[in-house]
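User: Hi, I'm a first-year student and I'd like some help reading a protein model. Could we go through it step by step?

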Amino acid sequence: MSMNDTCYEAISTGEETAMRVIRETLGELLEQFPSFGSHFTIKRWLEEYDCSVETIIDKLTWVLNTLNAFGASKMDTSSLEAANEAVSTATNTAQYFPGGFMGYDKEGNVLFMQPFGRLHSEESMRTTRISDFYRLLLLEGYASQELISAQEKKHGCRKGQISILDFDGFSRHVLYVPGLPTLSTAYGLLQLAYPGLSKKIYIINAPSALAYAVGVVQMVLSKRTRETIEFLGVNWQDRLRAELGVENVLPFWGGQMSCNCPTGQIRMAGPLSENIKQALSLLVTARRWQSRSALSLLKIAAKKVAIIAVQNSLANAKLAWYFECIGGDIDFYIRFSNHEIMEAVDDVQAEERIRALLEDDLKSFPTYGTKFSLQRWLEEYDNDIDAIVPRLRWTLNALKALGAQLMDTSTISSINRHVRSVNPAAEYFPGGLSGYDRERNVVFVQPFGRLQPHRLMETGSVSSLFRMLILEAHGTHQLVCAEEEKCGQRRCQIAIVDLAESTRHLINMAGIRIISNIFEALQLMFPGVSRKVYVINAHSTLTHAYNLLQMVFTKSTASSVCFLGNDWQQRLKEEIGRECLPPYWGGTAKCEKPTGEIRMGGVPPDSVKQQMHPGDIPLKQLTTIKALARRCALVGVNVQFSGATLKWYFKCSGGDIDFYIRQNNREIMPRMRLSTQFVPESGAIVCDEPGLQQMHPGDIPLKQLTTIKALARRCALVGVNVQFSGATLKWYFKCSGGDIDFYIRQNNREIMPRMRLSTQFVPESGAIVCDEPGLYEFCFDNTHGMVWHKTILYKIELFYGS
């Protein structure tokens, strides 16, 4: 194995040590599979398993031994064509499992196309050994690993696999119930064997149930999962051409790639032919074991392992086996020897730096600066302090604007009472804190099936729902932190999502979109707090849809969400504790009523609607303003006296709008993504001090800003000629369409260091004193943008003297 990989990614001393230990321990195995010992491959494993060398060596040993047993080292993966051919001949039924390598995108990532809707899982499962199916997917994953490693060696930077899952033709054949656990297990093996290899997944022609399944479990999806998976709408062909390059997409999917047929080498599956079925049925059953009298019977108790040992004293002996499992699935493997495991390497934390940067902000909410709170943020954003600080600062400011510092969060009952008090319609958004499990994690129960999204949205404004759920999540965070302080160990929220009584009213896409926006905001503000979700009483369609999606979830997400079957009460009693559950859900917790303090949802009465939404304001009394695409519309109100009350009312046509109120560069009404499809937005605040209150603002009116475009893979420069030392340079800018690398340089020296900034929440502004005269260049660097340009709205001012 060559150890001369050129390292183009910065690594810590701990990572460097871990890489050396892994290579030394697995030296013989890595000689057969050198790509697994490359810098980028081991880096992916270290990221997936938090630098735990012990875990990595254990799992990587299994992966390499499995690939060796499957003959992967003999595969020809020198080209896309050779890899597709090798995979297609790996098993007799490979052609009937859709998929294949399409090519490379503009950046050199491997493109994998899977027309999943053409899978006939029932026929495949009835005629093929499960082990052959696992063999096919693991060998295809290995081929992808080899192609990606070749690209990384060629380009000197990390690459990955971009997958397109096409659900066109999706039918009951794909939802063959007995086959779904097998699919889920198979993709779990792929995640174990090739962590971090999947860079992006585009889902096209998807049924609505798939998107709905993502919405239900969105609260525990990791940041990486949310960024990796993207559902494309009816314009999916345009998006694929723009993102991947029209020359890299096959004609069948709207591209212009040169190939012999529109689908290239992609396996398009479809129903098995009769002669294939007959041939396979003969292969599946070994003739000498067709009689059951020749089989031995073995019973395996729950949570136990049965081992059959075979002693062999001859080299090149052949070991054959045949078995049938009655009553579900079974983990089967053959073990020859064990391997020693090394000690884990600790990760380096950056908590103190974050506390120093947010010292003033954390004074109102000290629990957000605790060890475990900051660890959750660091894990969510991969130790990227520059990404954490602005988001955490915005979270703390938003909580302060909502009055969270005044909440009584000392007990579960006080939090539940406060949530009910902030919104008259709270009772009709199901959920609530139930108690603690045996390990003192906070238990949250949400009878989601009783939610009536359409009727609830007609009752009150979306912002009132935002406020209620943010404060409830803050209360949960406080309880979790209190338990962590007591025991000195990480704690979390465990959610039980009950879909009993769910009807077609629940699948109201406009309402689900609003709730999805709220959950997205909660994920941003409270990352990592919710670590486990049990879904009970789910309709089979939803369960199947989730099982299909599970194949593209990360390891942490897949383990965080658990759909329970008919034995859900017993499972909850075992894992949470009978004494911790309200009687309504099979527990014995002491409470005044069977459901405890849980809000049970239902249809809001008209009296609540009248209380929250007294009536519309006539159109002739309203003023019209347009918020152009990628622009912010500003309404300024000059308040002359403190204590004044500012009231507002608005409707938004054509979707949702981000609304907030600022005064003196501070959000006094935090940003929320609101929709007025059901009810107009209205509210009031008391102004603590005079000044200009700006609704949905930028600090500087648009007409005072200059526009510049930073093209993809380019850097836009704005030069300012400073004639005297001691001058002050001030700047202000907004960036549309993502983040931008910003820095200031003078004489080829960065005097304002490069930072990747996003102005999604707050515009960027600042000032420096120029030590010497000369040309100062403001650099808006978009070289990391591969496709899209960034539009910068900026203002730069130069001051001499005071």
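Analyst: Let us begin with a term: a polar contact is a pair of N or O atoms within 3.5 Å, where within protein one must be able to donate a hydrogen and the other to accept it, and residues adjacent in sequence count only if both atoms are side-chain atoms. This is a predicted model, in which local features need pLDDT of at least 70, side-chain atom pairs count only at pLDDT 80 or more, and totals for chains, interfaces and linings use all residues. Residues are numbered from 1 along each chain as its sequence is written, and side-chain values use heavy atoms, with hydrogens and water left out.

User: OK, so which side chain does the side chain of Gln 493 make a polar contact with?

Analyst: The partner is the side chain of Ser 530, at 3.5 Å.

User: And where is Gln 493 placed?

Analyst: Gln 493 lies in strand S8, residues 493-498, strands (E, at least two residues) being DSSP runs numbered from the N terminus, as are helices (H or I, at least four).

User: Does Gln 493 count as buried or exposed?

Analyst: Gln 493 counts as buried because its relative accessibility is 10%, where buried means under 20% relative accessible area, exposed over 50% and partly exposed in between (1.4 Å probe, protein chains only).

User: Switching topic, what about Ile 334, buried or exposed?

Analyst: Ile 334 counts as exposed, because its relative accessibility is 53%, and its place is in the loop between helix H12 (274-284) and helix H13 (351-357).

User: Last one: which residues of H15 are buried?

Analyst: Among them are Ile 385, Ile 388, Leu 392 and Leu 399, and just after H15, Gly 403 takes a positive phi of about 80°.
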